[in-house]
Amino acid sequence: MTAKTGADHVASLRDGRDVYINGERVGDVTAHRAFRNAVRTAAKLYDTQAAPQNRDLLTFASPDTGRHVSRTWQLPKTYDELVERRRALEAWSETHFGFMGRSPDHVGSCISGMYMGLDLFEAYDPKRAAALRDYYRYARDNDLFLTYVIINPQADRSKAAHEQGDEFHSAGVVDEDAEGITVRGAKMLATSSIMANEVFVTCIQPLQPGDEKYAISFALPMNANGLRVLSRKSYEEAAVSVFDNPLATHFDENDAILYFEDVKVPWERVFVNQNIEMTLKQFHATPAHVFQNYQCQIRLLVKMRFLAGVAHRIAETNGVAAFPQVRETLGQIAAEVGLVEGLLYGMEAKGGMAGIYYVPDRHLLYSAQVLTQQLYPKLITAIRELAGGGLIMLPSSEADLRNPMLADLVHKTQKSPAFSPEERVKFFKLAWDALGSEFASRHVQYEMFYAGAAFVTRGHSYRTFDWGKCKGMVDALLASYPTPAVDAAAKTAAE
């Protein structure tokens with residue numbers, strides 16, 4: 001009953017899943033040059049939590065089996081338990097410096113939040129509720145790495161899903177029988193799917209009448225028959241070396257489109273079947289949406305702390321850390337990190353009960369989402385401005401340092417009051433991978449859109465804010481002094 005290890009996870013990925021990249025099928029994702037280091041990073045998460053010194057911090061005993069599993073699956077019933085869980089997720093994020101947005105704790109948090117709202121599923125369909133109950137326990141007790149696909153692929157966005165030219169452009173039910181449903185079509189964006197055990201499939205976008213066949217919710221192993229994984233370009237594979245791309249070589253979690261070629265989903269894995277209202281409610285009428293995005297803010301705080309460290313190191317490397325205008329920029333960055341930290345702690349302190357469970361405050365979570373969508377690209381730009389040409393005034397690769405003549409020129413041109421020439425190059429290679437490389441550019445896009453477009457998060461903020469209290473203050477003041485009476489004769493004359 002020992003905790004899951006990295007070796008356990010790697011072995012579980014050698015399951016014959018149908019993955020494609022660069023026109024070829026991948027035989028073993030754990031060994032392929034496009035994915036192997038990211039897989040090792042995922043394995044490190046499990047090795048970290050399995051280490052005896054981390055057991056109490058990162059794991060808890062399953063109430064069913066007694067096996068220690070990730071605190072991802074912990075269902076907090078008090079503020080203290082919520083904080084305990086957050087500290088575990090924060091420590092886990094520090095192993096990848098916040099650069100793995102779809103680490104196991106993300107979708108695990110979503111499924112845990114859905115389970116907290118089991119009463120909603122019971123009212124909808126007791127059989128579907130039983131499927132969710134059993135799946136949560138199965139995923140928890142096996143400490144599964146889950147990914148999800150909850151967005152339909154882009155096409156003609158002026159039309160509903162059922163109005164697209166191809167009826168099964170988006171994944172939908174093509175058939176159902178006593179054994180389950182059969183699904184055909186595509187979903188996006190399966191981040192981390194190449195190193196996940198299973199995928200949660202549903203739709204978080206609003207669906208319209210006529211879209212019922214796409215209003216589904218289920219989970220499947222990544223090696224399900226007929227499930228094809230179409231990977232984007234691998235930044236890990238394109239990286240020159242660890243020295244030149246220290247982040248891309250290890251933390252490219254990958255993104256993919258999943259295509260379901262008449263995939264059979266057994267009823268015990270189906271949580272919602274062709275019900276538009278319930279497909280939306282599974283996120284917003286349970287703690288699922290809050291819990292999964294609360295995890296995102298924990299991870300983002302870790303990432304922003306890392307980037308703040310990069311910013312300060314840039315200033316030190318160039319000998320400008322004491323300049324007033326540089327400290328002004330660093331102070332702004334520090335304040336922005338503090339903003340995220342304050343919102344995170346605030347949503348915990350202001351949280352409340354959802355049935356028997358204690359969950360973060362919904363509006364402060366959405367406030368954090370709205371602000372951090374704007375904040376991340378602003379932060380990246382501010383740090384790039386600190387660095388100036390230093391980010392591109394670099395040797396072409398580490399091979400230059402192995403050439404005696406070029407190494408001598410590197411010593412003459414790469415000067416710093418804080419680092420040796422080699423250390424300066426090493427640091428700025430890291431900074432470029434975090435701020436300006438193709439890997440870094442993908443992260444800007446990810447942080448801007450993982451929670452949906454800006455109008456979506458602002459809509460969440462609008463609908464969860466206490467407008468009544470605010471308007472009540474205005475109305476109370478207006479009611480505290482008289483409104484001038486209008487002379488009846490003057491009013492008649494004016495009319």
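This is a working chat about one helix, the pockets and cavity, and some unusual backbone spots in a predicted model.

Student: Let's start with helix α10; which of its residues are buried?

Tutor: In α10, which runs over residues 276–284, the buried residues are Met278, Thr279, Gln282 and Phe283.

Student: And how are those buried residues arranged when you look down the axis of α10?

Tutor: They fall within an arc of 140 degrees, so they line one face of the helix. As background, an α-helix has 3.6 residues a turn, so residues three or four places apart point the same way.

Student: What covers the buried residues of α10?

Tutor: The cover includes the helices α5 (104–116), α6 (118–124) and α11 (288–317), together with the strands β8 (198–201), β9 (216–221) and β12 (270–273).

Student: Which residue caps the N-terminal end of α10?

Tutor: That is Asn275, which has a side-chain oxygen 3.2 Å from the backbone nitrogen of Glu277.

Student: Switching to pockets, what volume does the largest pocket have?

Tutor: Its volume is about 1500 Å³, and of the 50 residues that line this pocket, Ile151, Asn152, Arg157, Gln205 and Gly452 are the closest to its centre.

Student: Which element gives the most to that lining of the largest pocket?

Tutor: Helix α18 does, with 5 residues. At least two residues of the lining are supplied by each of β10 (227–231), β11 (256–266), α10, α11, α17 (438–449) and α18 (454–464), which brings us back to the helix we began with. By class, the lining of the largest pocket has 23 nonpolar, 18 polar and 9 charged residues.

Student: OK, and what lines the second largest pocket?

Tutor: That pocket has a volume of about 200 Å³, and its lining includes the aromatic residues Phe60, Trp73, Tyr115, Tyr136 and Tyr357, along with Lys77, Glu81, Arg137 and Arg140. Helix α7 (residues 126–141) provides the largest share of the lining, 3 residues. The lining of the second largest pocket divides into 7 nonpolar, 1 polar and 4 charged residues.

Student: How many cavities of 30 Å³ or more are there?

Tutor: The count comes to 1 cavity of 30 Å³ or more, and about 40 Å³ of space lies in the largest cavity. Gln49, Leu58, Ser70, Arg71, Thr72, Ala88, Leu89 and Trp92 line the largest cavity, and the largest share of that lining, 3 residues, comes from helix α4 (residues 79–94). By class, there are 4 nonpolar, 3 polar and 1 charged residues in the lining of the largest cavity.

Student: New topic, the backbone: which residues does a cis peptide bond join?

Tutor: Met188 and Leu189, with omega at about 5 degrees; Leu189 lies in the loop between β7 (180–187) and β8. For context, most residues other than glycine have a negative phi, and most peptide bonds are trans.

Student: Then what phi does Ser192 have?

Tutor: Although Ser192 is not a glycine, its phi is positive, at about 70 degrees. Ser192 is also found in the loop between β7 and β8.

Student: Is Ser192 buried or exposed?

Tutor: Ser192 is buried, and its relative accessible area is 0%.

Student: And where does Asn254 lie?

Tutor: Asn254 is in the loop between α9 (248–251) and β11, and although Asn254 is not a glycine, it has a positive phi of about 70 degrees. Asn254 counts as buried, at 0% relative accessibility.

Key:
Residues numbered from 1 in each chain as written. Predicted model: local features only at pLDDT ≥ 70, side-chain atom pairs only at ≥ 80, totals over all residues. Heavy atoms only, no water. Buried < 20%, exposed > 50% of the residue type's maximum accessible area, 1.4 Å probe, protein only. Helix = DSSP H or I, 4+ residues; strand = E, 2+ residues; numbered from the N terminus. Arc of directions from axis to C-beta. Contact = heavy atoms within 4.5 Å. Polar contact = N/O pair within 3.5 Å; in protein donor to acceptor, adjacent residues only side chain to side chain. 1 Å grid on protein atoms, 1.4 Å probe; cavity = no way out; pocket = protein on both sides within 12 Å on 5 of 7 lines; lining within 4 Å. Points joined across faces, edges and corners; volume = space filled by probe spheres on them. Nonpolar A, V, L, I, M, F, W, Y, C, P; charged D, E, K, R; others polar.
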